[in-house]
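Welcome, and thanks for taking a look at this one with me. Below is a short set of questions and answers to go through with the structure open beside you.

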Amino acid sequence: MDWKTLESLLSGVNKYSTGFGRIWLSVVFVFRVMVFVVAAERVWVDDQKDFDCDTKRPGCPNACYNYFFPIIHTRLWALQLIFVTCPSFLVVMHVWYREDRERKYRLTHGDEAKLYDNPGQKHGGLWWTYLISLFVKTGVEVGFLYLLHIIYNNFDMPRSVVCDVEPCRQVTCYIARPTEKRVFTYFMVGASALCIILNVAEIFYLIAMHILHLTHKESHVTRRTRCAESECDECNMPMNTIDYKLACPEKVEKQS
């Protein structure tokens, strides 16, 4: 797999991410992609060849290996990294869509016209896209951790296994480099758990900032004013600008 292509694509995500999102990207590349490519992948490179059993019966080692390792760790982690990073592309694509709308809007209304203050600002639809991508990433992380837990029994890597499948009967098979595989498994599981924590923290951060933004916006909309006309009882009462125009349209016409 060409991880450099994935890295170049995700580099654009960094521009539109929050502080938690940038930390998440750093953890993914430093503690997961680099460790996977540089070290972990090589530990499993000859896994099936080094899987020895105490019998020479034809087909027995392959049958036992396929039974205990239906999908090897490295391929499962590769799928996990791909599915985890894909939702981030939704944010980049949404920003590209906004920039394209901005360009078409300026062609129609002039170079000074603006459809968005900042196409990468997380408001409106982009905020929902970003939030949904976080939920999807968290769900994928949890799903793959659960799958790894089910397949490999609490992420453990034993030194030997007893195989009792056809054509083997009570055959003991030995796993190559079990300690290294156990260490890398726990490391990748820990990095995945850290990414889940960062995603959850970013979800709460986005929701909190969105609530603060709505509260601040509402405080400006409901800002009070007075009519300054002593003989007008309705217009002399505190009200917002919209109510003032509806209550005293003749005053608005005079002022205009």
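Q: Against which strands do the buried residues of H3 pack?
A: This is a predicted model, and helix H3 is a good place to start. The helix covers residues 60–68, and its buried residues are Cys-60, Ala-63, Cys-64 and Tyr-65. Those buried residues pack against strand S2 (160–163) and strand S3 (171–174).

Q: How many disulfides does the structure hold?
A: One of them joins Cys-60 to Cys-168, and another joins Cys-64 to Cys-163. Cys-53 and Cys-173 are also joined by a disulfide. The total for the structure is three.

Q: How far apart in sequence are the parts that Cys-53 and Cys-173 tie together?
A: The sulfur atoms of Cys-53 and Cys-173 are 2.0 Å apart, which falls within the 2.5 Å cut-off for a disulfide. Cys-53 sits in strand S1 (residues 52–53) and Cys-173 in strand S3, so the bond ties together parts separated in sequence by 120 residues.

Q: Where in the chain does Cys-168, the disulfide partner of Cys-60, lie?
A: The sulfur atoms of Cys-60 and Cys-168 are 1.8 Å apart. Cys-60 belongs to helix H3, and the pair ties together parts that are 108 residues apart in sequence, with Cys-168 in the loop between S2 and S3. Both Cys-60 and Cys-168 are buried. The place asked for is the loop between S2 and S3.

Q: Is the link of Cys-64 and Cys-163 left-handed or right-handed?
A: The two sulfur atoms are 2.1 Å apart. Cys-64 is in helix H3 and Cys-163 in strand S2, 99 residues apart, so to speak of handedness we turn to the torsion. The angle about the S-S bond is -100°, and the link is left-handed.Q: What is the angle about the S-S bond in the link of Cys-53 and Cys-173?
A: Cys-53 is buried, as is Cys-173. Their link is right-handed. The angle about the S-S bond is 100°.

Q: Is Cys-195 buried or exposed?
A: The cut-off for buried is under 20% relative accessible area. Cys-195 has a relative accessible area of 0%, whereas Cys-86 is partly exposed at 36%. Cys-195 is therefore buried.

Q: How far apart are the C-alpha atoms of Pro-58 and Cys-168?
A: Pro-58 is found in the loop between S1 and H3. This proline is exposed, with a relative accessible area of 70%. Pro-58 and Cys-168 are 110 residues apart along the chain, and their C-alpha atoms are separated by 9.5 Å.

Q: Which side chain of opposite charge is nearest to Glu-202?
A: Glu-202 lies in helix H6 (residues 178–221). This residue is buried and has no salt bridge. A salt bridge needs a nitrogen within 4 Å of a carboxyl oxygen, and the nearest side chain of opposite charge is 5.2 Å away. That side chain belongs to Lys-137.

Q: With which side chain does Glu-202 share a polar contact of 2.6 Å?
A: Leaving out residues up to four places away in sequence, Glu-202 touches Thr-18, Phe-20, Gly-21, Tyr-130 and Leu-134. The polar contact of 2.6 Å runs from the side chain of Glu-202 to that of Thr-18.

Q: What relative accessibility does Asn-199 have?
A: Asn-199 lies in helix H6. Beyond residues up to four places away in sequence, Asn-199 touches Trp-24, Leu-134, Lys-137 and Thr-138. Asn-199 counts as buried, with a relative accessibility of 0%.

Q: Which helices do Glu-141 and Arg-32 link?
A: The side chains of Glu-141 and Arg-32 meet in a salt bridge of 2.6 Å, N to O. The two residues are 109 apart along the chain, with Glu-141 in H5 (residues 125–152) and Arg-32 in H2 (residues 19–43). Both residues are buried. The helices linked are H5 and H2.

Q: With which residues does Arg-169 form salt bridges?
A: Arg-169 is partly exposed, at 48% relative accessible area. In its salt bridge with Asp-164, the closest N and O atoms are 3.6 Å apart, and in the one with Glu-166 they are 2.6 Å apart. Arg-169 thus has salt bridges with Asp-164 and Glu-166.

Q: How far apart are the end C-alpha atoms of residues 184–207?
A: An unreviewed UniProt entry annotates residues 184–207 as "transmembrane region", along with 21–40, 77–97 and 127–152. The chain over residues 184–207 is 100% helix and 0% strand. The end C-alpha atoms of this span are 35 Å apart.

Notes
Residues numbered from 1 in each chain as written. Predicted model: local features only at pLDDT ≥ 70, side-chain atom pairs only at ≥ 80, totals over all residues. Heavy atoms only, no water. Helix = DSSP H or I, 4+ residues; strand = E, 2+ residues; numbered from the N terminus. Buried < 20%, exposed > 50% of the residue type's maximum accessible area, 1.4 Å probe, protein only. Lys, Arg positive; Asp, Glu negative; His and termini not counted. Polar contact = N/O pair within 3.5 Å; in protein donor to acceptor, adjacent residues only side chain to side chain. Contact = heavy atoms within 4.5 Å. UniProt positions renumbered as here; feature names shortened; annotations may be inferred.
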